[in-house]
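Let's look at how labels get attached to parts of a protein model. Each turn takes one label and asks what stands behind it.

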Amino acid sequence: MFRKFIIIIFITTLTLNNMGVIASYTPPKFSASGINKKIYDDISMVKFKQVFKNSASERYEKLSIDLRKRYNYSQIVDFIKTLSKSSDVKTFEIGESADKRKLYSLEIGQGKTFKMITAGIHARENANPIFLLKYVAILLNDYQSKKKYAIDLLSKNKLAIVPCVNPDGYMATQFQKKIIKNKKLFINKLSDQSIKKFKANAKGVDLNRNFPTYLAASSWGGKNTSLVSKKPASAYFAGYSLGSEPETKAIMTWLLQYIPKATVYVDLHQSGRAVFYGKPNLSSAYNSKALGIANAIKKITGYVLLSNTKDVIGDNGNGTITDFAAEVASDFVYNSTIKRLAPTKSGNNKVYKYNKLKWKVSICTVETMLVSNGPPAARQTEWVSKKLFQMFNKIFVT
Ligand SMILES: [Zn+2]
């Protein structure tokens, strides 16, 4: 009887209060301002335009992508156009970069729930856009050859991918800054040699710090102040305000639209040959789902499994693309006090752990390759030795 009573109290407490305080801070030290509510609402309401629509007369012709070659962004767009001729592919224009290159997302397959993958948010990490397109090309080629595994995969599952989040960075790190058309952009201040190591967008904003998440651009007790820049730089500058960059805005809309319909989301980086999972301020439900996909990828690739579940909160590493995805999945809402996503009732001087997971999505970050921006021949070795085709297949069926 007594035990039953305790259990009832416990369940009631959990239901009524989805949050627990895990840290206090005084005062908040955000190195970037938040995002205006009107801008956030506009981003939430964007409808993507379908492009490269396949007509009945067009037929998909097999696409060959050579991992040992460097491809420029126009060639990537040509690959996307070719893939779009398949009746199993729908392509959307989702925005454009600071230097006016179009960003695209593709839906592939006939299934009901989405499996999401993004690549190329960091400029110098330019192997992953090619890996991702190579995977889709093999799958569609095999589908056309009526291979059973491809027919099964594409009829039961559905991918949503953004192959290249930072096309200006993708181009500049491989083909030098002369390819940047707008000469006023920050990237033109750097030498071609230093651009090879560049991670940011052409304005010097690290897109993977620019998302308006609960702990973005914060040092709430954080120690790693070397990992933050207060002005445009090659890496670690969150922007003067969160969500300021055109690439970030496009991806915010994309994540807001797809996360509620997805079961898995993987963001691809290099280098480190590692799989990262977990967020210290999110629910155990979130973290155990994240561990599930991370572990499955580790088993296939042999990459090292690294947990972020015990990270120091607000340690200047927040505001990432997966932080935003994870907070959308956890039902965080726009908070007008701190002008960013936050658990409800936050906005005071406390950091809350949120115990709810609204959308059951398994999220992780995968770092392929030993180095960034290395010779293209190393991509072929990685693809084979780390079983990247099998990794993508696993994501597709999760
Ligand atoms: Zn990266």
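Q: What makes helix 3 and helix 4 "roughly parallel" in this predicted model?
A: Look at the angle. The axes of helix 3 (residues 73-83) and helix 4 (residues 128-144) cross at roughly 25° and come within 11 Å. Angles under 35 degrees count as roughly parallel, so helix 3 and helix 4 get that label. As for handedness, helix 3 passes helix 4 in a left-handed crossing.

Q: Which residues in helix 3 and helix 4 meet?
A: From helix 3 you have Ile76, Phe79 and Leu83, and they meet Pro129, Leu133, Val136, Ala137 and Leu140 in helix 4. Sorted by class, this contact of helix 3 with helix 4 has eight nonpolar residues, no polar ones and no charged ones.

Q: Why is helix 4 called roughly perpendicular to helix 5?
A: Again, start with the angle: helix 4 and helix 5 (residues 148-156) pack at about 110°, with their axes 8 Å apart. The range for roughly perpendicular is 65 to 115 degrees, so helix 4 and helix 5 fit the label. The crossing of helix 4 and helix 5 is left-handed.

Q: How many charged residues are in the contact of helix 4 with helix 5?
A: There is one charged residue, along with six nonpolar and no polar ones. The residues that meet are Leu139, Asp142 and Tyr143 in helix 4 and Ala150, Ile151, Leu153 and Leu154 in helix 5. Asp counts as charged, so the charged one here is Asp142.

Q: How do you know whether Ala377 is buried or exposed?
A: Count its neighbours. Ala377 has 10 C-beta neighbours inside 10 Å, and a residue is exposed if that count is 12 or fewer, so Ala377 counts as exposed. You'll find Ala377 in helix 11 (residues 377-385).

Q: How far apart are Ala377 and Arg68 in sequence and in space?
A: In sequence, Ala377 and Arg68 are 309 residues apart, but C-alpha to C-alpha they are 4.4 Å apart in space.

Q: Which residues have the most contacts inside the largest nonpolar core?
A: They are Ile117, Leu132, Leu255, Ile259, Tyr265, Ala325 and Cys364, in a core of 109 residues. Helix 4 gives this core its largest share, nine residues.

Q: What is Cys364 in contact with, leaving aside its neighbours within four places in sequence?
A: The list is Val266, Val275, Phe276, Tyr277, Ala290, Ile293, Ala294 and Ile297.

Note on methods
Residues are numbered from 1 along each chain as its sequence is written. This is a predicted model: local features need pLDDT of at least 70, side-chain atom pairs count only at pLDDT 80 or more; totals for chains, interfaces and linings use all residues. Axes are lines fitted to C-alpha atoms, for helices over the stretch in contact, and angles run from 0 to 180 degrees between N-to-C directions. Helices (H or I, at least four residues) and strands (E, at least two) are DSSP runs, numbered from the N terminus. Angles under 35 degrees count as roughly parallel, over 145 as roughly antiparallel, 65 to 115 as roughly perpendicular and the rest as oblique. A crossing is left-handed if the near helix is turned anticlockwise from the far one by less than a right angle, and right-handed if clockwise. Two residues are in contact if their C-beta atoms, placed from the backbone, lie within 7 Å. A residue is buried if 20 or more other C-beta atoms lie within 10 Å of its own, exposed if 12 or fewer, and partly exposed in between; C-beta atoms are placed from the backbone. A nonpolar core is a set of buried Ala, Val, Leu, Ile, Met, Phe, Trp, Tyr and Cys residues joined through C-beta atoms within 7 Å.
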